[in-house]
Amino acid sequence: MPQFDTHFFSSLIFWEFLSFGILFWVLWKFAFPPILQTLDERERKIKESLEQADRHRAEAEQKMQEYEAKLKTASKEAETLLAAAKERAQRIMEENEQRLRTETQRSKEDATREIDQERRRAIQDIRNQTTEMALLVAEKVVGRSLNDADHKRMADEALASIAESRKT
Amino acid sequence: MEESPLHPFELHNYIPINLFGLDISINKAVIMMWVVVGLAAFLLVKAGRSRRMVPTKLQSLGELLVEFIRDIILDTMGKGGLKFFPFIATLFVFILFSNLLGLIPGTYTVTSQIIVTAVFALTVYAISIVMGFILHGVKFLGILVPPGTPGWLLPLMIPIELVSQLARPISLAVRLFANMTAGHTILGVLFGLAIGGGLLIGWLPFAFTIAMNGLEVGIAFIQAYIFTVLTCVYIGDAFHLHGADDHAH
């Protein structure tokens, strides 16, 4: 086998040591450190990103829960508000109705009373005028004048008797 | 076939150089070592230069390589082995590039030279022995006695373990050398058959050549990987004598 030819051994050994040494030095100084550093850096970065993502997710979840709770309280509040408003509206309506009814009642009563008064006054007027007219007629008929008090008494008696007769 | 199938492994000195009586002539294998070193250094330094968070293709390859070697070291030696990372990674890169570049027709496979693989294997073994004695002192000789061996078996066990220890660098060197030599020899023989067979029958060995070439690419990776893993295991053994430390095999 040509490989066992010792003639070349010395040069091969020499150049092997030299070239391996050079390669070792170059890789050790210029290739491995930056590659290892990049790997470490990437590992650190990935770890950091994952942690950050985890943290963000936890934060988002917490916020979500907060919002849900807020929403729940808000809807509850709205419900109570609505209920209160309904109740108030009902009360106001009832009050209005009540007031209207009483007012109507009162104005009706007022009107009745007024009518009654008017009627009574009218009757009184008619009575007075009738008395005066009767007196006038009577004066003309009797030809003499009675004093006023006599007239009145006599007219009243006459009217009372008329009213009495009308009643029966 | 008038030529030996091992003919491609022959070396010829292009430029004879003599350094203080030491013959360091330039031949094809030496030139291939330069190519391996130049290409590997260029690609890996370029890969390290880009340093992007979203890696470029070359950067990805470089990172893949670094993580691959780091995982091998962590698996076999534990965290303490990481200080050997530059040496082991360079070893892997050198062997892998030698194996792969040798597959290109017309080039030379550096690792098909037994002396090259032997130098690597002996260096690795020497590191493991020296490390062992530095870390454990005389107690490192206990590597010759597997844990739990009864006293009366020692005369038998120590020679056996000694042989197994000595077989380590030899097997390490021979495995890589033999794989590279055999693969290229088979390729050469098949291609010779393809040329010699003519059109009528020659296509068959030619098709085999193509398939074998694919297989050889795989073997180039696997042998580099095996060499690296065994390096880690041997140095790791010296590191953790009988798995006494945090990491056990």
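**Reading helix packing in chain B of a predicted model**

Modeller: This is a predicted model. One residue serves as a starting point: V36(B) counts as buried because 26 C-beta neighbours lie inside 10 Å of V36(B).

Biologist: In which element does V36(B) lie, and which residues does V36(B) touch beyond those up to four places away in sequence?

Modeller: V36(B) belongs to helix α1 of chain B, residues 28-50. Leaving out residues up to four places away in sequence, V36(B) touches F94(B), F97(B), S98(B), L101(B) and V110(B). As for S4(B), a separation of 32 residues in sequence from V36(B) goes with 27 Å in space, C-alpha to C-alpha.

Biologist: What is the overall make-up of chain B, and what pattern does it follow along the sequence?

Modeller: Chain B contains 5 helices and 4 strands, and its pattern along the sequence is β-β-β-β-α-α-α-α-α. Along the principal axes, the C-alpha atoms of chain B fill a box of roughly 70 × 55 × 45 Å. Chain B has 249 residues, of which 33% count as buried. Taking the contacts in chain B between residues at least 6 apart in sequence, 63% join residues at least 24 apart.

Biologist: How should the packing of two helices be read?

Modeller: Two packed helices are described by the angle between their axes and the distance between the axes. In this model, the axes of α1(B) and α2(B) come within 8 Å and cross at roughly 105°. The two helices α1(B) and α2(B) are therefore roughly perpendicular. On the α1(B) side, the contact is made by L43(B), L44(B), K46(B), A47(B), G48(B) and S50(B); α2(B) contributes L58(B), Q59(B), L61(B) and G62(B). By class, the residues of this contact of α1(B) with α2(B) divide into 5 nonpolar, 4 polar and 1 charged.

Biologist: At what angle do the axes of α1(A) and α1(B) cross?

Modeller: Helix α1 of chain A spans residues 9-142, and its axis crosses that of α1(B) at roughly 5°, the two coming within 8 Å. Therefore α1(A) and α1(B) are roughly parallel to each other. The residues of the contact of α1(A) with α1(B) comprise 20 nonpolar, 3 polar and 2 charged.

Biologist: How many residues of chain A and of chain B are in contact?

Modeller: Between the chains, 31 residues of chain A are in contact with 40 residues of chain B. The side of chain A that touches chain B divides into 23 nonpolar, 5 polar and 3 charged residues.

Biologist: What span should helix α2 of chain B have, and which of its residues are buried?

Modeller: Helix α2(B) covers residues 57-76; at 1.5 Å a residue, its 20 residues should span 28 Å, and the end C-alpha atoms are 29 Å apart, which agrees. The buried residues of α2(B) are Q59(B), G62(B), L65(B), V66(B), I69(B), I72(B), I73(B) and T76(B). These buried residues cover an arc of only 165° around the axis, so they are on the same side of α2(B). On the other side of α2(B), the exposed residues are K57(B) and D71(B).

Biologist: Against which helices do the buried residues of α2(B) pack, and what phi does G78(B) take just after α2(B)?

Modeller: The buried residues of α2(B) pack against α1 of chain A, and also against α1, α3 (85-101) and α5 (154-239) of chain B. Just after α2(B), G78(B) takes a positive phi of about 80°.

Key: Residues are numbered from 1 along each chain as its sequence is written. Chains are lettered from A and ligands numbered from 1 in the order in which they are written. This is a predicted model: local features need pLDDT of at least 70, side-chain atom pairs count only at pLDDT 80 or more; totals for chains, interfaces and linings use all residues. A residue is buried if 20 or more other C-beta atoms lie within 10 Å of its own, exposed if 12 or fewer, and partly exposed in between; C-beta atoms are placed from the backbone. Two residues are in contact if their C-beta atoms, placed from the backbone, lie within 7 Å. Axes are lines fitted to C-alpha atoms, for helices over the stretch in contact, and angles run from 0 to 180 degrees between N-to-C directions. Angles under 35 degrees count as roughly parallel, over 145 as roughly antiparallel, 65 to 115 as roughly perpendicular and the rest as oblique. Ala, Val, Leu, Ile, Met, Phe, Trp, Tyr, Cys and Pro count as nonpolar, Asp, Glu, Lys and Arg as charged, and the others, Gly among them, as polar. The expected span of a helix is 1.5 Å times one less than its number of residues. The arc is that of the directions from the helix axis to the C-beta atoms.
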